[in-house]
Amino acid sequence: MLIRLDPASPLPLGDQIAAAVRGAIADGAVRPGERLPAARALADSLGVNVHTVLRGYQRLREEDLIELRRGRGAVVTGGDTSPGRARLVEGVRHLIAEARTLGLSDEEVLALVRTGLAGR
């Protein structure tokens, strides 16, 4: 798994790390049950603070894409749904970014999603 960071990007480095891992899960490069690099090792290889990596890993944990296990590190959650879930999370992030660009409020975005879920 190759992670590249863009220091010039407005996206925080931790979010860039999360996006790279999410993409690797979505395309099957990283499979359920696989361990991710240790936070300290990844931080050293990327030239960032270990807390930056941990913020990225924490975001992935909140998305239920990885588990953080004491003594085992970060492990991709099991099941066949992980790649699809990772793609869905990326789509949601894209939707939110596009909505922000268009100046939509959170309520307007939620209303659009609710309308879509209702099949209208």
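Where does Asp 64 lie? Asp 64 sits in the loop between α3 and β1 (66-69), and we will come back to it in a close-up below. This is a predicted model, in which local features need pLDDT of at least 70, side-chain atom pairs count only at pLDDT 80 or more, and totals for chains, interfaces and linings use all residues. Residues are numbered from 1 along each chain as its sequence is written, and side-chain values use heavy atoms, with hydrogens and water left out.

**View 1. The whole chain, to get your bearings.** The protein chain holds five helices and two strands, where helices (H or I, at least four residues) and strands (E, at least two) are DSSP runs numbered from the N terminus. Followed along the sequence, they appear in the pattern α-α-α-β-β-α-α. The C-alpha trace spans about 45 × 35 × 25 Å along its principal axes. Of the 120 residues, 30% are buried; buried means under 20% relative accessible area, exposed over 50%, and partly exposed in between (1.4 Å probe, protein chains only).

**View 2. Helices α2 and α3 cross.** Here the axes of α2 (residues 39-46) and α3 (residues 50-62) come within 8 Å and cross at roughly 120°. Axes are lines fitted to C-alpha atoms, for helices over the stretch in contact, and angles run from 0 to 180 degrees between N-to-C directions. Ala 39, Arg 40, Leu 42 and Ala 43 of α2 meet Val 50, Val 53, Leu 54 and Tyr 57 of α3, contact being heavy atoms within 4.5 Å. By class, these residues are seven nonpolar, no polar and one charged. Ala, Val, Leu, Ile, Met, Phe, Trp, Tyr, Cys and Pro count as nonpolar, Asp, Glu, Lys and Arg as charged, and the others, Gly among them, as polar.

**View 3. The largest pocket.** Take a look at the residues lining this pocket, among them Pro 37, Arg 40, Tyr 57, Leu 68 and Gly 73. A pocket is an open set of points on a 1 Å grid over the protein atoms alone, where a 1.4 Å probe fits, with protein on both sides within 12 Å along at least five of seven lines; lining residues have an atom within 4 Å of a point. At least two lining residues come from each of α2, α3 and β2 (73-76), and α3 gives the most, with three. The lining has eight nonpolar, one polar and one charged residues.

**View 4. Arg 40 on helix α2.** Arg 40 belongs to helix α2 and is exposed because its relative accessible area is 57%. Its C-alpha atom is separated by 34 Å from that of Arg 100, 60 residues apart along the chain.

**View 5. Gly 14 and Thr 52 meet.** Gly 14 is in helix α1 (residues 13-26), while Thr 52 lies in helix α3. Gly 14 counts as buried because its relative accessibility is 7%, and Thr 52 counts as buried at 10%. Leaving aside neighbours within four places in sequence, Gly 14 is in contact with Thr 52 and Gly 56. On the same basis, Thr 52 touches Leu 13, Gly 14 and Ile 17.

**View 6. Back to Asp 64 in its loop.** Most residues other than glycine have a negative phi. Asp 64 has a positive phi of about 60° although it is not a glycine. With 47% relative accessibility, Asp 64 counts as partly exposed.
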